[in-house]
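I am opening a notebook on this structure. I will look up confidence, then the sheet, then the empty spaces.

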Amino acid sequence: MDTPLTARALAFRQLHADPGCFVIPNPWDVGSARLLAGMGFKALASTGAGHAFSSGLTDGAVGRERMLAHLRQMAVATDLPLSADLENGFGPAPETVAETIRMAATTGIVGGSIEDSSGDRHAPILPLALAAERVRAAVEAARALPFPFTLTARAENHFLGQPDLADTIRRLQAYQEAGADVLFAPGLRTREDIAAVLSAVDRPVNVLMGLDGVTLTVTDLAAMGVKRISVGGSFARAAYGAFLRAAREVQEHGSFSYANEAISGRDITRLLRTPRD
């Protein structure tokens with residue numbers, strides 16, 4: 001039976017099948033989601049880091065129940081397909097990851113990502129065999145849902161300071177074999193590394209941009225064959241950067257010139273108005 005959720009899920013799948021690449025920006029709350037939707041983006045992805053910051057927490061400290069409540073709010077904020085940052089599945093066991101997929105699918109999201117990070121700073125990356133088993137469990141849970149859920153598998157070693165490209169490729173290939181729909185290695189910074197990943201797999205690849213010092217553009221990445229581009233928590237960090245610069249100006253200089261670059265209340269009100277209001 002067709003439902004609005006199924007329609008969004010199919011639209012999200014189609015974005016990955018269409019020629020070229022698309023940008024899937026990462027709002028961190030309902031307001032930023034609605035602003036991005038109004039700009040014409042075709043899909044959105046949540047950011048665990050951005051949501052954590054907005055809650056006064058560090059990345060990874062939100063917890064599953066609170067994250068699911070956040071996703072329910074985000075999923076109804078716009079009519080766009082929403083993919084979720086499900087972090088490491090909120091537990092090491094494959095059964096926990098599968099349960100997370102089933103629970104998250106009730107929030108209104110149409111896709112989500114699972115990381116191979118452990119949460120242990122002394123051994124931050126899970127062993128490959130266990131990581132692949134977790135992806136397989138997530139895929140099996142996703143395939144059992146009543147709508148086409150797009151499962152993204154993430155290899156985190158570059159993002160967590162272990163830039164071993166050969167291991168990244170081995171992991172992405174294993175996650176592809178486990179059935180992941182999209183592959184993602186956040187933290188790749190060079191054209192050469194991204195090209196190596198693209199040539200080693202045959203699933204759509206997501207690339208993270210918004211990294212300090214990386215100058216690759218959407219045009220560059222599309223020409224290379226990247227299917228999807230996300231920005232992670234960088235939009236949220238950009239917003240908080242502007243906020244902190246404004247606060248420091250007031251505190252340290254007693255001036256208020258930050259307001260010259262701030263959006264007006266009238267303009268943001270106009271942008272937040274939608275046909276649903």
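**Confidence**

I began with how far to trust the model, which is predicted. The protein has a mean pLDDT of 97, with 98% of its residues at 70 or more. I then looked up the extremes among the elements: E6 has the highest mean pLDDT, 99, and helix H11 (residues 265-272) the lowest, 95.

**The sheet**

Next I looked up the strand order. I found an open sheet of 8 strands, paired in the parallel sense, in the order E1-E8-E7-E6-E5-E4-E3-E2. Strand E1 (22-24) and strand E2 (44-45) stand at its edges; each has a single partner strand, so one side of each is left without a neighbour in the sheet.

I took one pairing in detail. E3 and E4 are joined by 3 bridges in the parallel sense. In this pairing I noted alanine 84, whose bridge partner in E4 is glycine 112.

Which strands does helix H6 touch? I found that helix H6 (residues 128-143) packs on the sheet against E4 and E5, and that its direction makes about 170° with that of E5. I also looked up helix H7 (residues 165-177), which lies across E5 and strand E6 (182-184) and runs at about 160° to E6.

**The largest pocket**

I turned to the open spaces. The largest pocket holds about 720 Å³ of space. It is lined by 43 residues, and I noted those closest to its centre: Asp59, Asp85, Glu115, Arg154 and Phe159.

I then asked which elements give two or more residues to this lining. Two are helices, H3 (48-54) and H10 (234-253). The others are the strands E3 (82-85), E4 (111-115), E5 (150-154), E7 (205-208) and E8 (228-230). I sorted the lining residues by kind and got 14 nonpolar, 19 polar and 10 charged.

**The second largest pocket**

The second largest pocket has a volume of about 270 Å³. I listed its lining as Trp28, Asp29, Gly31, Ser32, Leu35, Leu36, Phe235, Ala239, Ile263 and Ile268. Helix H2 (30-38) and H10 each supply at least two of these residues. H2 gives the most, with 4 residues. By kind, I counted 7 nonpolar, 2 polar and 1 charged in this lining.

H10 is thus an entry in my notes for the largest pocket and for the second largest pocket.

**The cavity**

Last, I looked for closed space. How many cavities of 30 Å³ or more are there? The count comes to 1. The largest cavity holds about 30 Å³ of space. Around the largest cavity I found Ala33, Leu44, Met74, Ala75, Thr78, Leu80 and Leu82. By kind, this lining has 6 nonpolar residues, 1 polar and no charged.

Notes
Residues numbered from 1 in each chain as written. Predicted model: local features only at pLDDT ≥ 70, side-chain atom pairs only at ≥ 80, totals over all residues. Heavy atoms only, no water. 1 Å grid on protein atoms, 1.4 Å probe; cavity = no way out; pocket = protein on both sides within 12 Å on 5 of 7 lines; lining within 4 Å. Points joined across faces, edges and corners; volume = space filled by probe spheres on them. Nonpolar A, V, L, I, M, F, W, Y, C, P; charged D, E, K, R; others polar. Pairing = 2+ DSSP bridges. Contact = heavy atoms within 4.5 Å. Axes fitted to C-alpha atoms, helices over the stretch in contact; angles between N-to-C directions. pLDDT = per-residue confidence, 0-100.
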